[in-house]
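Subject: Handover of the structure

Dear colleague,

I am passing this structure on to you, and since you have not worked with it before, I have written out what was found in it. Please keep the sequence and the view open while you read.

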Amino acid sequence: MKITEIAESTYQLSVDVENILFEGLWEIPNGVTLNSYIIKGEKTAIIDGVCGWDGVPETLFSLLKELEIEPASIKYLVVNHVEPDHSGWIESFKKINSDFQILSSKKGKELLEAFYDLTENVTVVGDKDSFDLGNGHLLNFAEIPNVHWPDTIATFDQATGVLFPCDAFGSFGKCDGRIYAEEFSEEELKEYEKDTIRYYSNIVATFSPQVKSAIKKVREIPAKLIAPGHGLVWKDTKAIMDAYDAYADYQKGPARAEITFIWGSMYGMTEAAVKHALKVLEKEDITVHVHRVPEDSWGTVLTSVWTSTGIILAMPTYEFKMFPPMGAVLEEIGKKKALNRKAFRFGSFGWSGGAERELADINTRLNMGWEFLEPVEFKGTPSSEDMEKIEAQIKVLVAQVKETVNNKQ
Ligand SMILES: Cc1cc2nc3c(=O)[nH]c(=O)nc-3n(C[C@H](O)[C@H](O)[C@H](O)COP(=O)(O)O)c2cc1C
C-alpha cells in the first residue's frame, strides 16, 4: 500500500490486490489497485475506502498514521458507492471511531443501513449540494446512478479540480506503485487498456446507457484530474472519458474490426474444423481473439467479445443443446448486453443435433440481436465439403465486420 499526494492536501492511499476473483466471480490475471483518497481541509475527509478483506482495513489505518492522521480523528466519510470493495472497511473503522459523519446519496443511505446497519449521521448529498471542508476544499457532487450501483455519486473538489468518480473510469490491472497514466509508456498503456476493457466489460458493461449519461454530465465538470476507485489516475481527463464513451457504444455495436472466436470440443470433431477455420482467419487482415471454453474464463471471453463486431462460435451438440460451457458463456455475454454482433456458428453432432435450437433461443430470449450466417453443422467428422463451406462463411463474416465498422466511421 502506498500514499501519494496527488493534489494540494489531497492524498491517494492505494493497495494492490491479487489472486482473488473480483466480486467472487471475475478472474483478474493482472490484479487490481484499490484507491482511497484523503482531503485535508480544516476538516479531514476520506473519500471511498477499501474492501474489508483480512488485513486490508488495518493497512489503510497504518497509512493514515503515516499521514499523521489518527483514524479516530476522521470525522467525514464520503461514500460515493456502497459496494463493499469500497466500503467494507467501515465495519473495522466503526470499532475504532464511533463519531463520524457520512456523506452519500439517498440510495446510498438506504444501502448503508442494509449492509452496515448505519442509520445515524448520514447526510444525503446530490447534484445541487456542496460540502465545505474548509481551506477552499468545497466539495460538489454529481449523481451518476448505476455506474455501477444505483447509489453512485462522483465527488468534485473545487480547490484542486480533482474528480473522484469511484467505479466510473476505473480499471483492473495493478499499478505497481505508479499513479498516473502518464507514467506508462505508450506500449504499456496499450497493454493496460486491455485491463480497462476487462474491468469495463466484466463490471460496468450492463449499465452502458447510464455510463453514457454519466459521461455527458461529468464532461461539464472542470476536472483537472480523474481519480477513480480502481487503477490509474488520469491527468488527461478527456482520454479516459473518450475511452469509456467508446466502450459504452460497443454495447449496441458495431465495436472494433475484430473477431472473437469461441470454441469447445469433446472428442476433436469440431476441433478439426476449428483448426481449419483458424488457418483461414490467419490469411485475413483482421484481429482475432481465440478462446476455448471452459478453459478460458467468462470474464476473459467477455473482454474480447466487448470490442469485437464479429463472433465465431464452434461447438458440438450435447444432450440436445449446446456444449454446456458455450451455453453458459453466451448467457453471460447476453446478460451483459453485447448486442448486434455479426456471427457464424459451426459444429459437430451425433444423431439429432440441437445446439442450433438453444443458440437461437438464447439470442431471442436475451434480445441479443446477433445476426447469424447460415451455420455449418456436420455429423461426426467434418468432410472436405464442410471445410469449404466454413471457409466461405468466414470470408463473408470478415467482409461484413469490416463493412459494418467502416460504415460507422
Ligand atoms: C455426453 C454427450 C451427449 C451428446 N448429446 C448429443 C445429442 O443430444 N444430440 C446429438 O446429435 N449428438 C450428441 N452427442 C454427440 C456429439 O455431438 C458428437 O459426438 C460430436 O461429434 C462431438 O463433437 P466434438 O468431438 O467436437 O465434441 C453427444 C455426445 C456426448 C459425449
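What follows goes through the domains, then the two sheets, then two pairs of packed helices.

Please bear in mind throughout that this is a predicted model.

**The two domains**

The chain is divided into two parts, with domain 1 covering residues 2-250 and domain 2 covering residues 256-408. Their C-alpha centres lie 38 Å apart, and where the two domains touch, ten residues of domain 1 are in contact with nine residues of domain 2. On the domain 1 side of this contact, the elements that supply two or more residues are β4 (26-27), α5 (186-204) and α7 (237-250). Of these, α5 gives the most, with four residues. Sorted by class, the side of domain 1 that touches domain 2 holds five nonpolar, three polar and two charged residues.

**The sheet of seven strands**

An open sheet of seven strands runs in the order β1-β2-β5-β6-β7-β8-β9, and its pairing is mixed. Strands β1 and β9 (122-124) stand at the edges with a single partner strand each, so one side of each is left without a neighbour in the sheet. On average, and with direction ignored, neighbouring strands of this sheet are turned by 25° against each other.

If you start at the β1 edge, you will find strand β1 (residues 2-7) paired with strand β2 (residues 10-17) in the antiparallel sense over five bridges. Within this pair, I3 stands opposite L13 in β2. The two strands form a hairpin with two residues between them, and S9, which lies in the turn, has a positive phi of about 55°.

Further along the order, strand β5 (residues 32-40) and strand β6 (residues 44-47) also pair in the antiparallel sense, here over four bridges, and K40 has T44 in β6 as its bridge partner. Helix α1 (residues 56-66) packs on the sheet, where it touches β1, β2 and β5, and the direction of α1 makes about 150° with that of β2.

The pairing changes to parallel for strand β7 (residues 76-78) and strand β8 (residues 101-104), which are joined by three bridges, with V78 opposite L103 in β8. Strands β8 and β9 likewise run parallel and are joined by three bridges, and in β9 the bridge partner of L103 is T123. L103 is therefore a useful residue to find in the view, as it stands opposite V78 and is bridged to T123 in β9.

**The sheet of five strands**

A further open sheet, also with mixed pairing, has five strands in the order β10-β11-β12-β13-β14. Its edge strands are β10 (130-132) and β14 (225-226), each of which pairs on one side only. Inside the sheet, strand β11 (residues 138-143) and strand β12 (residues 153-157) run antiparallel and are joined by five bridges, with F156 in β12 as the bridge partner of N140.

**Two pairs of helices**

How are α6 and α7 set against each other? Helix α6 (residues 208-219) packs with α7 at an angle of about 155°, and their axes are 9 Å apart, which makes α6 roughly antiparallel to α7. The crossing in which α6 passes α7 is left-handed. From α6, the residues S208, V211, K212, I215, V218 and R219 meet M241, Y244, D245 and A248 in α7, and by class this contact has six nonpolar, one polar and three charged residues.

The other pair is made by helix α8 (residues 269-282) and helix α12 (residues 384-408), which pack at an angle of about 40° with their axes 10 Å apart. At that angle, α8 and α12 are oblique to each other, and α8 passes α12 in a right-handed crossing. Here A273, H276, A277, V280 and L281 in α8 meet D386, M387, I390, E391 and I394 in α12, a contact that has seven nonpolar, one polar and two charged residues.

With best wishes

Terms used: Residues numbered from 1 in each chain as written. Predicted model: local features only at pLDDT ≥ 70, side-chain atom pairs only at ≥ 80, totals over all residues. Pairing = 2+ DSSP bridges. Domains from an automatic or database assignment. Contact = placed C-beta atoms within 7 Å. Nonpolar A, V, L, I, M, F, W, Y, C, P; charged D, E, K, R; others polar. Axes fitted to C-alpha atoms, helices over the stretch in contact; angles between N-to-C directions. Parallel < 35°, antiparallel > 145°, perpendicular 65-115°, else oblique. Left-handed = near helix turned anticlockwise from the far one by under 90°.
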